[in-house]
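Trainee: I'd like to learn how to read a helix in a model like this one. Can you walk me through it?

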Amino acid sequence: MNVIRKSEAIRNGLRKGFQDGSSKMAKRKCYGYDVGPDGKLTVNPDETKVVCWIFERYLAGDSLGKIATGLEHQGILSPTGRPRWNREAIDKLLSNEKYTGRVLLQKTVSTGAVQIENDGFMDRYLYTGTHEAIISDEMFMAVQREKLNRSKGPENQVAMKLSL
């Protein structure tokens, strides 16, 4: 019983941070950014070039696998420091709105041991102007449209998750 109350208190604390903008998740580092001395995200110039290259290559028609191979041939380490990039890391990078200078919180929800996508059954929180954009809104949305076009199943023919 005590564990349940503690778990609920943690969830409530996270949600409060999402609502009032104090969540540290908004300042969470991702590839292309560093965390500055003030705790804010700052652009990492070397990684920014890689992020732009990935978006450009995807729009040029390259598959996730071809992009991964291209990064490996260039000797560019993955976000985890490994010599090989995997398709999932590239796919997540291409879907991350953080590259537009925005942060969307509570994209997923934990249901015990499983993390699921939040398709609107709980509030999501979008913050703008929290950090410098690496990718333009136009390029980001073009990639999201291309991802939908490349998806195979009719279940993927739904509206884009994030309207900018």
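**Reading a helix and its neighbours**

Mentor: Sure. Let's begin with what is tucked away: the buried residues of α2 are Glu 47, Thr 48, Val 50, Val 51, Cys 52, Ile 54, Phe 55 and Tyr 58. Keep in mind that this is a predicted model.

Trainee: What covers the buried residues of α2?

Mentor: The cover includes two strands, β1 (33–35) and β2 (41–43), along with the helices α3, α4 and α5 (137–150).

Trainee: Glu 47 caught my eye. Does it count as buried or exposed?

Mentor: The cut-off for buried is under 20% relative accessible area. Glu 47, which sits in helix α2, has 18% relative accessibility, so it counts as buried.

Trainee: And which residues does Glu 47 touch?

Mentor: Leaving out residues up to four places away in sequence, Glu 47 touches Lys 29, Tyr 31, Gly 32 and Tyr 33.

Trainee: How do I check the length of a helix, and what span should α2 have?

Mentor: Count residues and use 1.5 Å a residue: the 15 residues of α2 (residues 45–59) should span 21 Å. The end C-alpha atoms of α2 are 21 Å apart, so the two agree.

Trainee: What should I look for at the ends of α2?

Mentor: At its start, a side-chain oxygen of Asn 44 comes within 3.1 Å of the backbone nitrogen of Asp 46. Just after α2, Gly 61 has a positive phi of about 110 degrees.

Trainee: Now a helix pair. At what angle do α3 and α4 pack?

Mentor: Look at the angle and the gap between axes together. Helix α3 (residues 64–73) packs against helix α4 (residues 87–95) at about 105 degrees, and their axes are 9 Å apart. Angles from 65 to 115 degrees count as roughly perpendicular, so α3 is roughly perpendicular to α4.

Trainee: Which residues make that contact?

Mentor: From α3 come Leu 64, Gly 65, Ile 67, Ala 68 and Leu 71, and from α4 come Arg 87, Ile 90, Asp 91 and Leu 94. By type, the contact of α3 with α4 has six nonpolar residues, one polar and two charged.

Trainee: Let's zoom out. How many helices and strands does the protein chain have?

Mentor: Five helices and six strands. Along the sequence the pattern runs α-β-β-α-α-α-β-β-β-β-α. Of the 164 residues in the chain, 35% count as buried.

Trainee: And what share of contacts links residues at least 24 apart?

Mentor: Taking contacts between residues at least 6 apart in sequence, 54% join residues at least 24 apart.

Definitions and conventions: Residues numbered from 1 in each chain as written. Predicted model: local features only at pLDDT ≥ 70, side-chain atom pairs only at ≥ 80, totals over all residues. Heavy atoms only, no water. Axes fitted to C-alpha atoms, helices over the stretch in contact; angles between N-to-C directions. Helix = DSSP H or I, 4+ residues; strand = E, 2+ residues; numbered from the N terminus. Parallel < 35°, antiparallel > 145°, perpendicular 65-115°, else oblique. Contact = heavy atoms within 4.5 Å. Nonpolar A, V, L, I, M, F, W, Y, C, P; charged D, E, K, R; others polar. Expected span 1.5 Å × (residues − 1). Buried < 20%, exposed > 50% of the residue type's maximum accessible area, 1.4 Å probe, protein only. Polar contact = N/O pair within 3.5 Å; in protein donor to acceptor, adjacent residues only side chain to side chain.
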